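This report walks through one protein chain, topic by topic. Keep the structure in view as you read.

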Amino acid sequence: MDSTAEVAALMLHSWDTTTDRTETAAAIRTKPLMSPDWAANQIEPERNAAGAPWLVAAEHQGYSTPSIVPVQGDLNQDVAPDKAIRAYTVEWTWKTRDGTTVHDAGRRQITLYLEEHDGQWEVVGHQSRDMSKTP
């Protein structure tokens with residue numbers, strides 16, 4: 001379950017402005033780790049609502065480089081033998097094709113809800129919360 005959650009958290013924050021129109025493109029790529037019901041909810045919007053960091057990165061054909069750290073405390077729970085919650089702080093920077101940092105780091109807390117079906121852990125829901133940059 002932990003590896004499914006970790007990979008999903010990273011994939012959901014892996015963007016390439018040369019191929020992705022919106023942040024939701026990453027969620028669509030993550031569908032194989034999701035339950036069929038949750039995967040059906042991943043629909044790319046007509047417009048990108050990501051804002052200035054995305055636009056600056058796109059000017060430089062940028063891509064994100066995410067990293068995750070588990071959230072401490074009681075947010076991470078094994079709710080039942082076949083249900084779990086995992087939360088991570090995700091931080092990413094935008095890089096150009098030559099590896100130069102384009103924009104300050106983005107930071108978000110993501111909570112993933114997982115269930116085991118037929119021996120396979122699946123993401124059945126996720127939510128995220130933007131976090132202000134700490135000095």
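## Aromatic pairs

The predicted model holds four aromatic pairs. Rings of Phe, Tyr and Trp (its six-membered ring) pair if their centres lie within 6.5 Å; planes under 30 degrees apart are stacked, over 60 edge-to-face, and the rest tilted. One pair is Trp-54 with Trp-94, an edge-to-face case with 5.5 Å from centre to centre and 75 degrees between the planes. Trp-54 belongs to helix H4 and Trp-94 to strand S3, so this pair ties together parts that are 40 residues apart in sequence. Helices (H or I, at least four residues) and strands (E, at least two) are DSSP runs, numbered from the N terminus.

Trp-54 and Trp-94 are both buried. Buried means under 20% relative accessible area, exposed over 50%, and partly exposed in between (1.4 Å probe, protein chains only). Trp-15, Trp-54, Trp-92 and Trp-94 make up one aromatic cluster.

## How the model was read

This is a predicted model, where local features need pLDDT of at least 70 and side-chain atom pairs count only at pLDDT 80 or more, while totals for chains, interfaces and linings use all residues. Residues are numbered from 1 along each chain as its sequence is written, and side-chain values use heavy atoms, with hydrogens and water left out.

## The chain as a whole

The protein chain has four helices and five strands. From the N terminus on, their order is α-α-α-α-β-β-β-β-β. The C-alpha atoms fill a box of roughly 45 × 35 × 25 Å, taken along the principal axes. The radius of gyration is 15 Å, which agrees with the value near 14 Å for a compact globule of 135 residues. That radius is taken over C-alpha atoms, and the globule rule is 2.2 Å times the number of residues to the power 0.38.

Of the 135 residues, 36% count as buried. Contact means heavy atoms within 4.5 Å. Among contacts with a separation of 6 or more, 55% join residues 24 or more positions apart.

## The nonpolar core

In soluble globular proteins, nonpolar side chains tend to be buried together. A nonpolar core is a set of buried Ala, Val, Leu, Ile, Met, Phe, Trp, Tyr and Cys residues joined through side-chain atoms within 4.5 Å. Here the largest core has 22 residues, and Tyr-88, Ile-110 and Leu-112 have the most contacts inside it. Elements giving two or more residues are helices H1 (2–11), H2 (24–29) and H4 (52–59), along with strands S3, S4 and S5 (120–130). S3 gives the largest share, five residues.

How accessible is Leu-112? Leu-112 has 0% relative accessibility and counts as buried. Leu-112 lies in strand S4. Beyond four places in sequence, the contacts of Leu-112 include Ala-5, Ala-8, Tyr-88 and Val-123. Ile-110, on the same count, touches residues including Ala-9, Tyr-88 and Gln-127.

## One face of a helix

In H1, Thr-4, Ala-5, Ala-8 and Ala-9 are buried. Seen down the axis of H1, these residues fall within an arc of 125 degrees, so they line one face of the helix. The arc is that of the directions from the helix axis to the C-beta atoms. The buried residues of H1 pack against strand S1 (63–70), S3, S4 and S5.

## A hairpin

Two strands pair if DSSP finds at least two bridges between them. S2 (residues 77–80) and S3 (residues 83–95) pair in the antiparallel sense over three bridges. Asp-78 has Ala-84 in S3 as its bridge partner. A hairpin of two residues joins S2 to S3.

## Loops and unusual angles

Ser-35 sits in the loop between H2 and helix H3 (36–40). Ser-35 is buried, with a relative accessible area of 8%. Leaving aside neighbours within four places in sequence, Ser-35 is in contact with Glu-122, Val-123 and Val-124.

Gln-61 is not a glycine, but has a positive phi of about 50 degrees. Gln-61 is found in the loop between H4 and S1, and is partly exposed at 46% relative accessible area. Asp-118 is not a glycine either, and has a positive phi of about 55 degrees. Asp-118 is in the loop between S4 and S5 and counts as exposed at 85% relative accessibility.
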